[in-house]
Amino acid sequence: MNIDLTDTTSSQLNAALIKARRAVGSAVGMVLTLVIVTDEGNHYDALRAASEASKEHPSRILVVIKRPGRSPRERAMARLDAEVRVGADVGNGETVLLRLHGELSAHAYSVVMPLLLPDAPVVVWWPEDAPAHPAEDLLGTLAQRRITDAASTEDPVATLATRAEVYAPGDTDLAWTRITPWRSVLAAALDQKHTKISSAEVEGEEYNPSTELLAMWLAERLSVPVERVVSPGPGITAVRLTTENGVICLDRSDGSLALLAVPGQPDRHVALNRRTTAELIAEELRRLDPDEAYEQAVRHGVGNLQRHRAQKKGHGNGGGEAGKARKPETETATKPHKEERAGKAERAAEKGS
């Protein structure tokens, strides 16, 4: 059921929600309020992902679409248009699209506050254009969890440095959520093979924030030098841990199926599909307490990683012996090639700082 309201108020919206709930006979117990702050161009994809995630986490979804206007007359007006959606088409829960026109776009807090579910957690998600300090944003102050996405910014690596400076308990980023399967597989591999690790290498696309976070997580957890290698992608392509018994290699060249090679054990395939936004949001909504692992990783700093651009042939041949063979190729490169790579690494670091 859809109810369109033009030039409305928060009290009228609450009345429309009650009417829609009674009309469809909805009796689903909602567990949280998810506030999505976006624009007209991006709200469809964000709402679709949130609606899919609500099948696992029944919630009231408030989509805040700011339309400040272009002309002085449009900027001076203040009008709230809304659309209430309740029923199977929008997942488990309720959806309210809030279009804030003119001067009202600067007062989203006052519009959202009366629409929050009572005594339920609040999560705020910025799919694009997140504030520089999410915890100090007025909408951010309402939330137990604040979700951003460094991958949507113009300079993701520099954004990670900013996130580290302004981190507050409850902050998280979808770039971190994307590496959960990688962290799980690597942690399980190290649990099976107790050995001393001397160094690590993380390979992935340039300016990919998930690759940077995975490298920082390994550097912080293992207290070893971690080299950040640039590859054509897609996303993260490989992780290599140098141990006293050989190289543990997790290689994913096609973005879906990875090959895990552990010294002394047979190679095995691991599913590491690149997940949808809906799956990422659903994971974030499973836990609403502060993510200390994310805090420690992002605060480790991208500047503490060794960096160079990969000059490797045969990328995508999998792990095992192929994964072990790629390391010496870098180490035995000629001096001019090393200097060329160092120059590229310095330029890349300057862009990402």
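This briefing covers confidence, the sheet, a helix pair and salt bridges in one chain. The model is predicted: local features need pLDDT of at least 70, side-chain atom pairs count only at pLDDT 80 or more, and totals for chains, interfaces and linings use all residues. Residues are numbered from 1 along each chain as its sequence is written, and side-chain values use heavy atoms, with hydrogens and water left out.

**Confidence**
- Mean pLDDT (the predictor's confidence in each residue, from 0 to 100) is 82 for the chain, and 82% of its residues reach 70 or more.
- Residues 309-353 have pLDDT below 50. Beyond near neighbours in sequence, this stretch makes 66 contacts (heavy atoms within 4.5 Å) in the model.
- Where pLDDT is low, predicted coordinates should not be read in detail.

**Sheet**
- Eight strands (DSSP E runs of at least two residues; helices are H or I runs of at least four, both numbered from the N terminus) form an open sheet with mixed pairing. The order is 1-4-5-3-2-6-7-8.
- Strand 1 (2-5) and strand 8 (171-173) are the edges, and each pairs (at least two DSSP bridges between two strands) on one side only.
- Neighbouring strands are turned by 15 degrees against each other on average, direction ignored.
- Strand 7 (residues 145-148) runs parallel to strand 8, joined by three bridges. Arg 146 stands opposite Asp 171 in strand 8.
- Helix 1 (residues 10-24) packs on the sheet, touching strands including strand 3 (59-67) and strand 4 (78-86). Its direction makes about 15 degrees with that of strand 4.

**Helix 8 and helix 10**
- Helix 8 (residues 209-222) and helix 10 (residues 292-300) pack at about 100 degrees, axes 8 Å apart. Axes are lines fitted to C-alpha atoms, for helices over the stretch in contact; angles run from 0 to 180 degrees between N-to-C directions.
- That makes the two helices roughly perpendicular (65 to 115 degrees; under 35 is roughly parallel, over 145 roughly antiparallel, the rest oblique).
- Contact residues include Trp 217 of helix 8 and Tyr 294 of helix 10.

**Salt bridges**
- The structure holds 20 salt bridges (a side-chain nitrogen of Lys or Arg within 4 Å of a carboxyl oxygen of Asp or Glu).
- Arg 286 forms one with Glu 56, closest N and O atoms 2.7 Å apart. The two residues lie 230 residues apart.
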